[in-house]
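Please open the model in your viewer and keep the sequence panel beside it, since each stop on this tour begins with a selection.

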Amino acid sequence: MQTAKKLGASATSLPILVVDGEVIQGSDKIFDWAEEISKMSPSSLTPVDMKDCLTIEKRLDNILGVHIRRYFYSEILVEYPDQVRSEYIKDLSLLNKIMFYLAWGMIQKRMIEFMDLGKQQRLESREIILGELNWMDKMLSDGRPYLIGDKFSRADITAASLLAPITIPAEHPVYKMDTLPKLMAQDVRDWQNRPSINWVHNIYNKHRKNH
């Protein structure tokens, strides 16, 4: 939050890209920036049907992304707060680790309030996630390799990145099955054969492994 404020960003959320003094915040704005500076590139991520692309991106960001976070933190932060604390202090200095430990009770409480976390909230978000997976399964039922058209686009990146926490692609540098809380880990195992989840694995395997 302090870094975002120092950069002059309009909010404290990630991602933030800083290039030659310009601050670009939000994945959608970063996509727009990348397309603008590489208009002649053959590897454009902008699909022909940009209207449908933005509609899908908005749905993914505002529903799936929000509820996967709420679903994850409603279990891990409420049931296993020490695990969250350990992850958060990994790269801090000794002084900041001490300060974080002292403030952890307040931080945990504020996070729970801010993200509206709890056992019932977890179940609510889980049902919403299942509804969105059904929507994606139906979209992919015609065998399409990509969400829009026949070309890899920003819509595919958005979907694959937001679904990564419940897919656990082998190519992902952060998400691992052994770091998931118990109930979520069981759901992830149960969902592995869904078309939408298999699609995410294919996207990572095809477009991430050599980069």
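Helices in this tour are DSSP runs of H or I with at least four residues, strands are runs of E with at least two, and both are numbered from the N terminus. With those terms, Ile 168 can be placed in the loop between H7 and helix H8 (182–191). Please bear in mind throughout that this is a predicted model.

Begin with the whole protein chain, coloured by secondary structure, where you should find nine helices and two strands, running from the N terminus in the order α-β-β-α-α-α-α-α-α-α-α. The radius of gyration is 19 Å, close to the 17 Å that the globule rule gives for 211 residues, so the protein chain is as compact as a globular protein of that length. Along its principal axes the C-alpha trace spans about 50 × 45 × 30 Å, and buried residues make up 38% of the 211 residues.

Next, select residues 154–163, which are helix H7; eight of its 10 residues are buried, so this helix is largely enclosed by the rest of the structure. The buried ones are Arg 154, Ala 155, Asp 156, Thr 158, Ala 159, Ala 160, Leu 162 and Leu 163. What covers them? If you now display helix H2 (27–37), helix H3 (50–79), helix H6 (119–139) and helix H9 (195–207), you will see elements that are included in that cover.

From H7, move along to Ile 168, which has a positive phi of about 55° although it is not a glycine. Its relative accessible area is 14%, and because buried means under 20%, Ile 168 counts as buried.

Asp 116, in the loop between H5 and H6, is the next selection, and it too has a positive phi of about 55° without being a glycine. Asp 116 is partly exposed, with a relative accessible area of 39%. Most residues other than glycine have a negative phi, and most peptide bonds are trans.

For a peptide bond to inspect, go to Leu 14 and Pro 15, where the bond from the former to the latter is cis, with omega near 5°; Pro 15 lies in the loop between helix H1 (2–7) and strand E1 (16–19).

Finally, switch to a surface view and select Leu 94, Ile 98 and Leu 102, which form a nonpolar patch with about 370 Å² of accessible area together. Ile 98 belongs to helix H5 (residues 94–115) and, at 44% relative accessibility, counts as partly exposed.

Notes. Residues numbered from 1 in each chain as written. Predicted model: local features only at pLDDT ≥ 70, side-chain atom pairs only at ≥ 80, totals over all residues. Heavy atoms only, no water. Buried < 20%, exposed > 50% of the residue type's maximum accessible area, 1.4 Å probe, protein only. Contact = heavy atoms within 4.5 Å. Patch = residues over 30% accessible without salt bridge, like charges linked within 9 Å, V, L, I, M, F, W, Y side chains within 5 Å. Areas by Shrake-Rupley, 256 points an atom, 1.4 Å probe, with all protein chains shown as cover. Salt bridge = Lys/Arg side-chain N within 4 Å of Asp/Glu carboxyl O. Rg over C-alpha atoms; globule rule 2.2 N^0.38 Å.
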